[in-house]
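Okay, thanks for squeezing me in before coffee. I'd like to walk you through one model, so have a look at the screen while I talk.

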Amino acid sequence: MNYTQNIEGCFGDGRLALPDYTAMLARTAEVLNRLRARHADGSLQLLRLPETQDDLAACKALAAHLVKNTSNLVILGTGGSSLRAQALAQIADKYRPKGLPREGSPRFHFLDNLDPYAMDAVLGQLDLRTARFLLVSKSGGTAETLMQALTAISALQDAGAGKHLKQHFGVITEPGNRAMRRLAEQYEFPV
């Protein structure tokens, strides 16, 4: 999908004056040149992130794991760990023809806080046999996400699915010795 941005509507009567915009843009030239140099020499790794593809195979495998025989996918995370996924889901829904369900796709639920009533309401309405949970924490140590995970694990264990937990969960986090990775290792969740 190509992305095009057109800023022509920003200029004119009652809006930004084109000469002012041009002057402001010229003042950014020095910083932009420094960023270009750091991109070229790789010294600011963040600028190379959009080019990174080494994790795509693991992401595809995790996605395949999470949608297999799945009725509902619950995303557990806070802040950007949840908001990014919510934004993508909303974009996908925007371009789906109205009234047409995505055949074979699970229904998404986003739980981005520790509200016990919201958690109980979602868990209470799901068929836990076919529900899946995606745990998302960039740092791998977000206490709220870990508590959400433990609550979901407990609900599945109470429903008799304790020996099948690894089929119900997936984890997205950074590499390293992190609490989320240790939890995933303990229960053999794919990461």
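Let's start with Phe 133, which is buried, with a relative accessible area of 0%. One thing to keep in mind throughout is that this is a predicted model.

Now look across to Phe 169, which is buried as well, again with a relative accessible area of 0%. How are the rings of Phe 133 and Phe 169 arranged? Their centres sit 5.1 Å apart and the planes make an angle of 20°, so we call this pair stacked; the cut-off for stacking is under 30 degrees. Phe 133 belongs to strand β3 and Phe 169 to strand β4, residues 169-172, so the pair ties together parts that are 36 residues apart in sequence.

There's a second stacked pair to point out, Tyr 187 with Phe 189, at 5.5 Å centre to centre and 15° between the planes. Is Tyr 187 buried or partly exposed? With 22% relative accessibility, Tyr 187 counts as partly exposed, since buried means under 20%. Phe 189, on the other hand, is buried, at 5%. Put those together and you get one aromatic cluster made of Phe 133, Phe 169, Tyr 187 and Phe 189. Over the model, the count of aromatic pairs comes to five.

Okay, on to the sheet. What order do the strands come in? Reading across, the order is β2-β1-β3-β4, an open sheet of four strands with parallel pairing. β2 and β4 are the edge strands, each pairing on one side only. From one strand to the next, the twist averages 20°.

Let me zoom in on β1, residues 72-76. Five of its five residues are buried, so you can picture this strand as mostly covered. Quick reminder for anyone who hasn't looked at a sheet lately: in a regular strand, side chains alternate between the two faces. Here, Asn 72, Val 74 and Leu 76 point one way from β1, while Leu 73 and Ile 75 point the other way.

Which neighbours does β1 have? On one side, five bridges join β1 to β2, residues 107-111, and the two run parallel. If you want landmarks there, Leu 73 stands opposite Phe 108, and Ile 75 stands opposite Phe 110. β1 is also joined to β3, residues 131-136, by five bridges, again parallel. The landmark for that pairing is Asn 72, opposite Ala 131.

Walk back along the chain a little and you reach helix α3, residues 56-67. Its twelve residues should span 16 Å, and the end C-alpha atoms are 16 Å apart, so the expected span and the model agree. Just after α3, Asn 69 takes a positive phi of about 55°.

Last stop, the largest pocket. How much space lies in it? About 1800 Å³. The lining takes in 47 residues, and those nearest the centre are Cys 59, Ala 85, Leu 88, Leu 134 and Ile 172. The elements giving two or more residues to that lining are α3, β1, α4 (80-94), β2, β3 and β4. And which element gives the largest share? That's α4, with ten residues.

So that's the tour: a stacked phenylalanine pair linking β3 and β4, a parallel sheet, and a pocket lined by 47 residues. Happy to spin the model around if anyone wants another look.

How values were computed: Residues are numbered from 1 along each chain as its sequence is written. This is a predicted model: local features need pLDDT of at least 70, side-chain atom pairs count only at pLDDT 80 or more; totals for chains, interfaces and linings use all residues. Side-chain values use heavy atoms; hydrogens and water are left out. Buried means under 20% relative accessible area, exposed over 50%, partly exposed in between (1.4 Å probe, protein chains only). Two strands pair if DSSP finds at least two bridges between them. Rings of Phe, Tyr and Trp (its six-membered ring) pair if their centres lie within 6.5 Å; planes under 30 degrees apart count as stacked, over 60 as edge-to-face and the rest as tilted. The expected span of a helix is 1.5 Å times one less than its number of residues. Axes are lines fitted to C-alpha atoms, for helices over the stretch in contact, and angles run from 0 to 180 degrees between N-to-C directions. On a 1 Å grid over the protein atoms alone, a cavity is a set of points where a 1.4 Å probe fits but cannot get out, and a pocket is an open set with protein on both sides within 12 Å along at least five of seven lines; lining residues have an atom within 4 Å of a point. Grid points are joined across faces, edges and corners, and a volume is the space filled by probe spheres set on the points.
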